[in-house]
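Reader: I am in my first year of study and should like to look closely at a single part of this model. Could you take me through one helix and what surrounds it, in one connected account?

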Amino acid sequence: MSGLACFLKSIGHDVIGSDTVNDYGFETKLKELGIKIIPFSKNNITLDYLYITSNAYNSDFVEVNEIIKNNYTYLYYHDFISTLDGIHIAISGTHGKTTTTTFLKDLLIYQKLYSTFGRIRYGPTIYYSSDSWFGRRLE
């Protein structure tokens, strides 16, 4: 979720997120970008937002429950990703995802099908890395 938050912030959206009070290491980049992180609470849920929630939380979770109870607009992460313009290519598996993703990105650039790519990583180091790529198709 932090990678998506950084991506949305980088394209001009206002972003706020809730999480546990534990520090997992990715908070630094979020804070650098001015993304506020608040502890989970049903009081976080107001009409003012489009909610994007992790697949890890079902309708029993306090915030998701509050969203549903108030009939507010929300999407699960994978549903939101599908609303982004363009072609979506998913690479999954146990081993080789990063290598395959990088190879595919390089191939698309080499063939002049896509230019600039942004990357999202779900990890503590940087938010643009090699797990998810967003590209711009050349006309």
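**Helix α3 and its surroundings**

Author: A convenient place to enter is Asn71, which sits in the loop between α3 and β4, the strand of residues 74-76. The model is a predicted one, and every value below is computed from it. Asn71 follows α3 and has a positive phi, near 60 degrees. That value is positive in a residue other than glycine. As for its surroundings, Asn71 is exposed, with a relative accessible area of 69%.

Let us step back from this loop into the helix itself. Helix α3 comprises residues 62-69, and both Glu66 and Lys69 belong to it. Which residues of α3 are buried? They are Glu63, Val64, Glu66 and Ile67. These four lie on the same side of α3, because they cover an arc of only 160 degrees around the axis. The cover over the buried residues of α3 includes four strands: β1 (16-19), β2 (36-39), β3 (51-53) and β4. Thus β4, which bounds the loop of Asn71 on one side, is also among the elements that cover the buried residues of the helix.

One of those buried residues deserves a second look. Glu66 forms a salt bridge with Lys69, and their closest N and O atoms are 3.2 Å apart. A separation of this kind meets the cut-off, because a salt bridge requires the nitrogen to be within 4 Å of a carboxyl oxygen. By this rule, the count comes to one salt bridge. The partners are three residues apart in α3, about one turn of the helix. The general geometry explains the spacing: an α-helix has 3.6 residues a turn, so residues three or four places apart point the same way. Are the two partners buried or exposed? Glu66 is buried, with a relative accessible area of 12%, whereas Lys69 is exposed, at 55%.

On the other side of α3 in the sequence, aromatic rings come into view. Phe61 lies in the loop between β3 and α3, while Phe40 lies in the loop between β2 and β3, so their pairing ties together parts that are 21 residues apart in sequence. The pair formed by Phe40 and Phe61 is edge-to-face, with 4.8 Å from centre to centre and 85 degrees between the planes. Phe61 is buried, with a relative accessible area of 19%; Phe40 is partly exposed, at 24%. Ring pairs also bring in Tyr57, linking it with Phe40 and Phe61 into a cluster. The count of aromatic pairs comes to five.

For comparison, consider another helix of the chain. Helix α5 (residues 97-110) has 14 residues and reaches 20 Å from its first C-alpha to its last. Its buried residues are Thr101, Lys105 and Leu108. They lie on the same side of α5, because their arc around the axis is only 65 degrees. The face turned away from that buried side carries the exposed residues Thr99, Phe103 and Tyr110. Just after α5, Lys112 takes a positive phi of about 60 degrees; α3, for its part, is followed by Asn71 with a positive phi near 60 degrees.

Finally, the wider setting may be given. The protein chain has five helices and six strands, and its elements run α-β-α-β-β-α-β-α-α-β-β from the N terminus on. Of its 139 residues, 29% count as buried.

Terms used:
Residues numbered from 1 in each chain as written. Predicted model: local features only at pLDDT ≥ 70, side-chain atom pairs only at ≥ 80, totals over all residues. Heavy atoms only, no water. Salt bridge = Lys/Arg side-chain N within 4 Å of Asp/Glu carboxyl O. Helix = DSSP H or I, 4+ residues; strand = E, 2+ residues; numbered from the N terminus. Buried < 20%, exposed > 50% of the residue type's maximum accessible area, 1.4 Å probe, protein only. Arc of directions from axis to C-beta. Contact = heavy atoms within 4.5 Å. Phe/Tyr/Trp six-rings, centres within 6.5 Å; stacked < 30°, edge-to-face > 60°. Expected span 1.5 Å × (residues − 1).
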